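Work through the exercises below with the coordinates loaded. Each task is followed by a stepwise solution.

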Amino acid sequence: ALYPAVASISNMMGGENGLRLLSAVLSTTTAICIFLTTLRLFGKDAALWAAALFALAGTSIGLGQMAVYDSLSVPLLAIALLCLVYSAYHYQWTTYLLLIAGCSAGLAVLAKYTAGLLLPPLLLVGVMIYLARGRSIFNLIVLVFPIVLILLQYIVMNFADLMQLVAATSDITKAGTGHGIIAWTILAQVGPILAVGALSILILPYAPFYRKHITFPNSLLHALVITCLAVSLTAVPLYHLLSGTTQSLWKHTVYMLVFFAPLAGYGLDTLIRYYQKSARKFRPIMRLSWAMVTLVVTLLYLHLSLNMNWGLRHSWPNVTQAVSYLSTYNWTRDTRLLAEQSAVYEYYFDLGAFDRSVWTNTFYMEYGGLTGADAMTAAIDDHYFDLVILDDYYTASINHSLEEALLKSGYTLVYRDAQPQALTTSQSIIIRIYQLKESRDVQTISTSHPV
């Protein structure tokens with residue numbers, strides 16, 4: 001409920017523009033945190049590169065335009081990393097900064113579960129920096145304590161609901177996308193940053209934050225920590241490879257950039273310094289050539305990022321005409337609707353206090369002692385819903401059984417897209433609306449631009 005509370009305030013103050021402004025401010029906050037984190041660890045030049053790589057990435061640009069839970073979770077994770085890094089340098093503020101880092105990390109997970117996948121890398125970054133600075137890693141208990149406390153309290157208070165939700169949605173949301181497609185999607189979205197960042201891990205022992213008098217036993221310990229850090233940073237790709245989902249992948253790669261952008265900035269800065277040092281006797285010509293290469297690469301990166309952002313904005317169903325059709329429906333507080341990603345429709349119809357009783361999302365439902373798809377099918381059999389909206393994008397795996405139940409129970413198809421919507425995810429979907437009573441003729445309307 002953390003993001004909905006913040007988003008509702010923005011929506012009341014500025015409507016859709018207020019929501020977009022909120023996301024832009026949160027994304028900018030993340031970029032500033034990445035700059036300050038990299039500045040402390042690797043220096044000003046690396047910090048500028050890191051902030052630029054993050055700010056110009058197509059996925060982070062997209063997140064700065066969307067009203068989604070990740071918009072709040074990502075900056076909270078970045079704040080946690082920032083406070084953790086600075087706690088290793090400021091002895092008198094260590095406890096306070098670690099407490100802020102722990103609370104921010106815990107809230108990041110509450111805002112969006114994906115942040116939980118980055119908690120191990122966050123802790124390992126702390127271990128690495130504290131060892132490098134010659135400080136006791138037992139200080140990090142102060143970091144772990146608020147995270148554990150926040151998450152335990154949440155789990156205890158919502159344990160039954162969490163178990164039901166996991167059981168009901170495990171099959172619904174599993175898309176079965178091939179591993180090759182998922183891997184290619186990750187590389188296409190943030191591949192260059194991940195590649196440079198991964199290579200930069202190899203030169204971390206030469207980073208400015210490392211003290212130079214490291215004994216051989218300690219060097220082995222540092223190598224072990226860095227190796228564990230590298231492995232832990234693969235958590236997000238592994239999650240999507242195992243679950244076979246790509247729908248939220250672009251948003252989840254932004255979490256990775258919180259860690260990889262500083263590493264990539266450090267790697268680029270190191271490469272530039274090495275190049276400048278090796279070309280001193282040809283300094284005027286080399287500086288000009290390097291400036292030209294940098295300009296071309298930056299413009300190319302920006303061009304690709306903007307194209308990617310356009311693709312992201314056309315990677316989900318276009319509901320413009322479906323919303324127009326539904327706006328002619330005679331709404332009452334007793335109307336019941338089942339819809340894929342009902343939150344989209346909820347926002348545009350804004351029924352206020354009646355939203356929760358009117359709308360049901362196909363991700364999860366409880367009805368007659370049943371949960372998930374079984375509950376939806378039983379509710380359809382009982383004519384519980386007045387309208388059902390399907391599009392084969394969010395929960396395609398259960399739509400066949402739902403449509404069979406709809407036809408058997410007397411529901412009529414009253415709206416259907418005239419042409420399949422070809423999304424940039426290579427999916428082809430058709431929005432369909434079923435109504436309980438045959439009060440309207442089927443409408444078929446072409447769509448081209450998403451709401």
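Helices here are DSSP runs of H or I with at least four residues, strands are E runs of at least two, and both are numbered from the N terminus. The model is predicted.

**Exercise 1. The whole chain**

Task: Find how many helices and strands the chain has, and what percentage of its residues count as buried.

Solution.
- Step 1. Count the DSSP runs. There are 17 helices and 10 strands.
- Step 2. Apply the burial cut-off, under 20% relative accessible area. Of the 451 residues, 47% count as buried.
- Step 3. Take the exposed surface. It comes to about 22100 Å², and carbon and sulfur atoms supply 66% of it.
- Step 4. Turn to contacts between residues at least 6 apart in sequence. Of these, 74% join residues at least 24 apart.

**Exercise 2. Two helices**

Task: Check the span of α2 against the value expected at 1.5 Å a residue. Then do the same for α5, and list which residues of each helix are buried.

Solution.
- Step 1. Helix α2 covers residues 44-56, 13 residues in total. From first C-alpha to last, α2 reaches 18 Å, close to the 18 Å expected.
- Step 2. The expected span is 1.5 Å times one less than the number of residues.
- Step 3. List the buried residues of α2: A46, A47, A50, A51, L53 and F54. They cover an arc of only 160° around the axis, so they sit on the same side of α2.
- Step 4. Recall the helix geometry. An α-helix has 3.6 residues a turn, so residues three or four places apart point the same way.
- Step 5. Move to α5, residues 94-111. Its 18 residues should span 26 Å, and the end C-alpha atoms are 25 Å apart, which agrees.
- Step 6. List the buried residues of α5. Among them are T94, L97, L98, A101, G102 and S104. A105, G106, A108, V109 and A111 are also buried.

**Exercise 3. Salt bridges**

Task: Count the salt bridges. For the bridges of K251, R273 and R432, find the partner and the N to O distance.

Solution.
- Step 1. The cut-off is a Lys or Arg side-chain nitrogen within 4 Å of an Asp or Glu carboxyl oxygen. The structure holds 6 such bridges.
- Step 2. K251 pairs with D70, with the closest N and O atoms 3.6 Å apart. K251 lies in helix α11 (residues 249-278) and D70 in helix α4 (residues 70-87), so the pair ties together parts 181 residues apart in sequence.
- Step 3. Check burial for this pair. K251 is buried, at 13% relative accessible area. D70 is buried too, at 0%.
- Step 4. R273 pairs with D269, with the closest N and O atoms 3.0 Å apart. The two are 4 residues apart in α11, so about one helical turn separates them.
- Step 5. Compare their accessibility. R273 is partly exposed, at 46%, whereas D269 is buried, at 6%.
- Step 6. Extend the pair. D45, D269 and R273 are linked in a network of salt bridges.
- Step 7. R432 meets E403 at 2.9 Å, N to O. E403 is in helix α17 (residues 396-408) and R432 in strand β9 (residues 432-435), 29 residues apart. Both are buried.

**Exercise 4. A nonpolar patch**

Task: Identify which residues make the nonpolar surface patch of about 290 Å², and which helix gives the largest share.

Solution.
- Step 1. Patch members need over 30% relative accessible area and no salt bridge.
- Step 2. The patch is made by L123, V144, V148 and L152.
- Step 3. Helix α7 (residues 141-169) gives the largest share, 3 residues.
- Step 4. L152 is found in α7. L152 is partly exposed, with a relative accessible area of 48%.

**Exercise 5. Two local environments**

Task: Decide whether L36 and E346 are buried or partly exposed. Then list what L36 and E346 contact beyond four places in sequence.

Solution.
- Step 1. L36 is in helix α1 (residues 2-42). At 31% relative accessible area, L36 is partly exposed.
- Step 2. Its contacts are L82 and Y86.
- Step 3. Add a distance. L36 and P262 are 226 residues apart in sequence and 9.7 Å apart in space, C-alpha to C-alpha.
- Step 4. E346 is in helix α14 (residues 342-349). At 10% relative accessibility, E346 is buried.
- Step 5. E346 touches D355, R356 and W359.

Technical notes:
Residues numbered from 1 in each chain as written. Predicted model: local features only at pLDDT ≥ 70, side-chain atom pairs only at ≥ 80, totals over all residues. Heavy atoms only, no water. Buried < 20%, exposed > 50% of the residue type's maximum accessible area, 1.4 Å probe, protein only. Arc of directions from axis to C-beta. Patch = residues over 30% accessible without salt bridge, like charges linked within 9 Å, V, L, I, M, F, W, Y side chains within 5 Å. Areas by Shrake-Rupley, 256 points an atom, 1.4 Å probe, with all protein chains shown as cover. Contact = heavy atoms within 4.5 Å.
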